[in-house]
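User: I would like to learn how to read burial, strand pairing and salt bridges from a model. Could we work through a case together, with the general idea ahead of each example?

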Amino acid sequence: MAANLRFRPIVDTAQAATVANMNSLRLLYRTEDVRHGELSTTVESGDFRGVGSAWFTIEQLREFWRMAGAYPISEREEPHLAGGYWDDSGETLRQCHLSIRLSPHDRQGSIRVTVALASPAERGEAVDLHQAVTTRFRATYGDIDRFRAAFGAMLDGNAGDATLEGTAT
């Protein structure tokens with residue numbers, strides 16, 4: 001029996017619990033001009049972490065902020081933000097580099113936060129040769145309200161970033 005113990009990893013259970021329960025989405029908006037800018041994102045969910053960015057108009061970000069304030073969030077009108085490379089008409093997202101979606105999760109009122117990040121693949125480059133991460137975590141309406149306050153302050157230039165801290169699982 002003692003021989004088997006040396007093959008087990010030694011893990012600080014408090015540290016492991018903290019890492020496993022870390023769920024957050026951090027946004028930083030850098031304006032290029034009054035109409036648009038780059039939204040940089042860091043997401044952590046359990047053992048997964050991703051970093052990415054995409055360009056958005058201020059109107060797109062304000063619409064996401066408005067939709068995130070809905071109660072209840074419905075499956076037909078989920079707050080969703082997506083950016084990346086668009087086709088020449090500007091109507092179809094050809095490559096998604098950053099996507100955030102808030103969806104109903106369960107009957108208790110939890111919200112599922114889905115974040116997808118991908119590195120850009122340049123024209124002519126194989127689209128499947130890039131890095132991507134998609135992760136999901138739960139949040140409450142209270143978590144969303146705190147995030148919206150910070151997100152609105154960030155868009156108004158009154159805060160450097162906005163963070164959505166999710167519910168520990």
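**Reading one chain, feature by feature**

Analyst: Let us begin with a single residue: Arg-62 is partly exposed, with a relative accessible area of 36%, where buried means under 20% relative accessible area, exposed over 50% and partly exposed in between, for a 1.4 Å probe and protein chains only. This is a predicted model, in which local features need pLDDT of at least 70 and side-chain atom pairs count only at pLDDT 80 or more, whereas totals for chains, interfaces and linings use all residues. Residues are numbered from 1 along each chain as its sequence is written, and side-chain values use heavy atoms, with hydrogens and water left out.

User: Which elements make up the secondary structure of the chain, and in what order do they run?

Analyst: The chain has four helices and eight strands, taken as DSSP runs numbered from the N terminus (helices are H or I with at least four residues, strands are E with at least two). From the N terminus on, the order is α-α-β-β-β-α-β-β-β-β-α-β. Of the 169 residues, 35% count as buried.

User: How should I read the buried residues of a helix, taking H3 as the case?

Analyst: The general idea is that an α-helix has 3.6 residues a turn, so residues three or four places apart point the same way. In helix H3, which covers residues 58-68, the buried residues are Ile-58, Leu-61, Phe-64, Met-67 and Ala-68. These buried residues pack against several elements, including strand S1 (23-31), strand S5 (93-104) and helix H4 (141-155), contact being defined as heavy atoms within 4.5 Å.

User: What does a salt bridge look like here, and which side chain does Arg-62 meet?

Analyst: Side chains of opposite charge can pair when their charged atoms come close. The criterion used is a side-chain nitrogen of Lys or Arg within 4 Å of a carboxyl oxygen of Asp or Glu, and a search of the whole structure finds seven such bridges. One of them joins Arg-62 to Asp-156, at 2.9 Å from N to O. Because Arg-62 lies in helix H3 and Asp-156 in the loop between H4 and S8, the pair ties together parts that are 94 residues apart in sequence. Asp-156 counts as partly exposed, at 48% relative accessibility.

User: Which residue does Arg-101 pair with, and is that partner buried or exposed?

Analyst: Arg-101 forms a salt bridge with Glu-78, with the closest N and O atoms 2.9 Å apart. The pair links distant parts of the chain, since Arg-101 is in strand S5 and Glu-78 in the loop between H3 and S4, 23 residues apart. Glu-78 is buried, with a relative accessible area of 17%, while Arg-101 counts as partly exposed at 29%.

User: How do the side chains of strand S7 point, and which strand pairs with S7?

Analyst: Along S7 (residues 132-139) the side chains alternate: Val-133, Thr-135, Phe-137 and Ala-139 point to one face and are buried, whereas Ala-132, Thr-134, Arg-136 and Arg-138 point to the other and are not. For pairing, DSSP must find at least two bridges between two strands; S6 (residues 111-118) and S7 pair in the antiparallel sense over eight bridges, with Ala-139 of S7 as the bridge partner of Ile-111.

User: Where does Glu-165 lie, and what is Glu-165 in contact with?

Analyst: Glu-165 lies in strand S8 (residues 162-165), and, leaving aside neighbours within four places in sequence, Glu-165 is in contact with Asn-23, Ser-24 and Asp-143. Glu-165 and Asp-143 are 22 residues apart in sequence and 6.5 Å apart in space, C-alpha to C-alpha.
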